[in-house]
Amino acid sequence: MTDPATFSSVWERAVERGGDAAFLIFERPDGTTATWTYEQFDAAVTDVAAGLIQQGVVPGDSVHLALTNTPAFVALWLAANRLGAWIVPSDPMGKAPELADHIERTRPKAGFCATSRADVYRQAAAVSPDLAITELDEAGGSLDALMGNARVDWPAADIRDRAAVMFTSGTTGRPKGVEITQANYAFCGQVMAERADLAPEDRQLVVLPLFHANAQYYSFASAIWTGASVALMPAFSASGFLAQAARHRATCASLFAAPMRMILARGAPVDGVGLRHCWYAQNIADDQYETLTAWLGCRPRQLYGMTETIPAVLTEPADNPVPSSMGQVTPGCQVIVRDGQVMVGGEPGMTLFAGYLDDPDTTAASFTNDGWFCTGDRARVDEDGRHYFDGRHSDVLKVAGENVSIVEVESVLTSHPAVLEAAVVGAPDPIRDEVPVAFVVPADPATPPTDDELSSWCQDRLAKAKLPRSFTLMEELPRTSVGKIRKFLLRQEAKDQNQAPQEATRR
């Protein structure tokens, strides 16, 4: 690893080394593109910074972004960081209460949203009457509405300056604000670039939402560290992903399991796809993996990370990646498995997140006495140092005193040929304390599996305590914007249903 750097200095270095190299290609929804070299985008960032200054943004202030994938997000991110300010990215499709919570907790000086969603955003912004709001046409990709003519003097950034607060996805409850520093972004860019063997000639295809850590950490930060380019899509398209990869001559990409399954369900092989590398998170079935390998042109590599861990601390090597493995310890990172739980080492604010926003108690509770960050995820490690996901701590149920792994039950259900996806949660039971209940998405909605079929399948493969008490058929599982299942909603639904054992419900 090199000496700690600021993210601002990493950007400046990329411009100096390859100013005339391609940086950003934005494909508009109508298929046309807007392109910038590093030097051109740097000039735009200066003009955007001038606009922020005219809105009163000074070092230490926050800038709220409720934007989809658009060049404006990238320009505001870089401009704010170079000014010594920090961004607060929110789900642009979030409802007013969620946006209001983020705004109230971070007190931004300026806020940015799409004109098409301005009514919801302004309703949310009522908690901060002095917030300067700018509405944008995201689809056009223009930066004109952001630009100003104020004098721009870049302050000297410190590696520990706050660069962002990203709110967790809320799969288990109220989102926490994760504090990210300038050094964090730089460290992540270096680690992920080196692990992917990224070169200036590479091009990242970004389809995941920019407000989420994955696109920022694994794609943009690594590209900027290297001087590589990025092809930014306005949104993920399962049917269009492969054609986009071919059209923009992308060499690298990053996905989750859910989008990969969607590509398999709605896409088809496309000539000209030449990915040499693709990260992905969360397991997919072996047959799905082999089909994707053929379609993408490379063997995808699984990784494991959290917003708090900064880089993906576990990554599969390029040489013979194992589909079911979350990976080996990423060079430059520290990981141990203690009592079954994944623990991550490092220095807060440098190689780990700086803490949870205005919540020192939760921050302290997330670390062990000897300084390891507790991820809450369970894993087992083989003799080659590969880690295999074994669920969250909350994914282990106590059924009549016996431990039941939700991951195991879900794995059995998804192996049924008529099941596309399954999620299992615990439901209260007066005799056994809690019991597993299953939510199932059929592979073919026209011919869904029956409760008897699912029950028989599980009985042949699971011990009695692990058998789901009920099966609820759903069109889709409730998810966050990046595909993580909102299990706390399923737990509430299981509690509300109060079903008789083995009764199937269709939704």
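Colleague: What makes you say that strand β5 (residues 110–114) is largely enclosed by the rest of the structure?

Modeller: In this predicted model, five of the five residues of β5 are buried, so the strand is largely enclosed by the rest of the structure. Buried here stands for under 20% relative accessible area.

Colleague: Which way do the residues of β5 point?

Modeller: A110, F112 and A114 go one way, while G111 and C113 go the other way, and all of them are buried. That fits the usual pattern: in a regular strand the side chains alternate between the two faces of the sheet.

Colleague: How do you know that β5 pairs with strand β3 (residues 62–66)?

Modeller: Pairing takes at least two bridges, and β3 and β5 have four, in the parallel sense. L65 has F112 of β5 as its bridge partner.

Colleague: And what makes strand β6 (residues 132–136) a partner of β5?

Modeller: Five bridges, again set against a cut-off of at least two. β5 and β6 pair in the parallel sense, and F112 stands opposite T134 in β6.

Colleague: Over to the open sheet, then. Why are β16 (334–338) and β20 (387–392) said to stand at the edges?

Modeller: The sheet has four strands in the order β16-β17-β19-β20, with antiparallel pairing. β16 and β20 each have a single partner strand, so one side of each is left without a neighbour in the sheet. From one strand to the next, the twist averages 45 degrees.

Colleague: How do you know that β16 is joined to strand β17 (residues 341–345)?

Modeller: Five bridges join β16 and β17, which run antiparallel, and pairing needs at least two. Q334 stands opposite G345 in β17.

Colleague: Why is G345 called buried?

Modeller: G345 has a relative accessible area of 8%, and the cut-off is under 20%, so G345 counts as buried.

Colleague: What does G345 touch, leaving out residues up to four places away in sequence?

Modeller: Q334, L352 and W372. Touching stands for heavy atoms within 4.5 Å. As for F367, 22 residues apart from G345 along the chain, the two C-alpha atoms are separated by 9.5 Å.

Colleague: Now the helices. How do helix α1 (residues 7–18) and helix α3 (residues 71–82) pack?

Modeller: Their angle is about 115 degrees, and the axes are 9 Å apart. The crossing in which α1 passes α3 is left-handed.

Colleague: Which residues make that contact between α1 and α3?

Modeller: F7, S8, W11 and E12 come from α1, and W77, L78, N81 and R82 from α3. By class, the contact divides into four nonpolar, two polar and two charged residues.

Colleague: What makes the whole chain as compact as a globular protein of that length?

Modeller: The radius of gyration is 23 Å, and the globule rule gives 23 Å for 507 residues, so the chain is as compact as a globular protein of that length. Along the principal axes, the C-alpha atoms fill a box of roughly 70 × 50 × 45 Å.

Colleague: How many helices and strands does the chain have?

Modeller: There are 14 helices and 26 strands.

Colleague: And what share of the 507 residues counts as buried?

Modeller: The share is 58%, with the cut-off at under 20% relative accessible area. As for contacts between residues at least 6 apart in sequence, 67% join residues at least 24 apart.

Key: Residues numbered from 1 in each chain as written. Predicted model: local features only at pLDDT ≥ 70, side-chain atom pairs only at ≥ 80, totals over all residues. Heavy atoms only, no water. Axes fitted to C-alpha atoms, helices over the stretch in contact; angles between N-to-C directions. Left-handed = near helix turned anticlockwise from the far one by under 90°. Nonpolar A, V, L, I, M, F, W, Y, C, P; charged D, E, K, R; others polar. Rg over C-alpha atoms; globule rule 2.2 N^0.38 Å. Buried < 20%, exposed > 50% of the residue type's maximum accessible area, 1.4 Å probe, protein only.
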